[in-house]
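Reader: I'm new to looking at structures. Could you walk me through this one and explain the words as we go?

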Amino acid sequence: MIQGIIDQATEDVRQIVERAHVDSMTMIARYAAAFAVNFTDWMGRTILWVRHEKSRYVLADNLRCESVEDHVGMLLQFAELSGALPARVHFATVRREVSEIRHLFRDPLTAGLSGMVLLTVLEVTSEVFIPDLAERARRCGCTNFTYTDVHGSADIAHSLAFTEAVKGEATMGYIDAEAIMRKAADAAVTLMRRIYA
Ligand SMILES: [Fe+2]
C-alpha cells in the first residue's frame, strides 16, 4: 500500500515538473522559501512522534547530516547564486501549503506516520525535481551545484532507507494508516504543485 502511494506521488511530481510553466528564478525562489529551514523542522517534529526504531534511526541520521553539512546554508547559497533568494512574494505563494504540512504535526496520534510519509515522498520524488532544479539554476547562471549534487543521485541511499523505515512505521498500530499516509503524501505533492504552478 505504501509503495503504491509513493509510486503515485512520484508520477504526480513527474507530471508537475514536465508541465511546469513557471520561470526558473521564481521556481527556485519558491522552492527555497518552502524548504530552507522547514525541511529540517519537519524532520525534528517527526522524530518526536515516530514509533518504529528504524524511523528514529533514519531521521536522526539524516538530521545530523543536514546539520553537519549545513544543507540550509547550502540551499540559500544555491538560491543566491541563481539570483533567486526568496522574497516576500515567494513566502506568500507557498504559505498555505507549508502551513498544511505543519498542521500534519498537530495530532500526536498521527504525527509520526504523517511525518515519515511526507519526508519519504519528498526524498523519493527529489530524484525527479532535483535534476530539474539543477538545470534551472544553470540557466540562471549558477556555477556551484553542491546542493543539487548532495541531493541528487548521492541521495538514493537516503530514499531507500526512508522507504524501508516508513513501511515499518505503518505497522505500528496507527488507526486508519492508509488515510494518514494518503493525506501526508497529498500534502507533499500539493506543495510541489504550488512551487511549479
Ligand atoms: Fe538536505
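Reader: What pattern does the protein chain follow, read along the sequence?

Author: The protein chain reads α-α-α-α-α-α-α-α-α-α. That fits its 10 helices and zero strands; helices (H or I, at least four residues) and strands (E, at least two) are DSSP runs, numbered from the N terminus. Bear in mind that this is a predicted model, where local features need pLDDT of at least 70, side-chain atom pairs count only at pLDDT 80 or more, and totals for chains, interfaces and linings use all residues. Residues are numbered from 1 along each chain as its sequence is written.

Reader: What makes the radius of gyration of the protein chain agree with a compact globule?

Author: The rule, with the radius taken over C-alpha atoms, is 2.2 Å times the number of residues to the power 0.38. For 197 residues that gives a value near 16 Å, and the protein chain has 16 Å, so the two agree. Along its principal axes, the C-alpha trace spans about 50 × 30 × 25 Å.

Reader: Why are α2 and α7 called oblique to each other?

Author: The axes of α2 (residues 24-35) and α7 (residues 111-139) cross at roughly 125° and come within 9 Å. Axes here are lines fitted to C-alpha atoms, for helices over the stretch in contact, with angles from 0 to 180 degrees between N-to-C directions. Under 35 degrees counts as roughly parallel, over 145 as roughly antiparallel, 65 to 115 as roughly perpendicular, and the rest as oblique. The angle falls in none of the named ranges, so α2 and α7 are oblique.

Reader: Which residues of α2 and α7 meet?

Author: Ser24, Met27, Ile28 and Tyr31 in α2 meet Leu133, Arg136, Ala137 and Arg139 in α7; a contact means that C-beta atoms, placed from the backbone, lie within 7 Å.

Reader: How do you know whether Val37 is buried, exposed or partly exposed?

Author: Count the other C-beta atoms, placed from the backbone, within 10 Å of its own: 20 or more is buried, 12 or fewer is exposed, and in between is partly exposed. Val37 has 14, so it is partly exposed. Val37 is found in the loop between α2 and α3 (38-47), and its phi is near 75°, a positive value in a residue other than glycine.

Reader: And what makes Asp176 count as exposed?

Author: Asp176 has 10 C-beta neighbours inside 10 Å, so it counts as exposed. Asp176 sits in the loop between α9 (156-169) and α10 (177-196).

How values were computed:
Contact = placed C-beta atoms within 7 Å.
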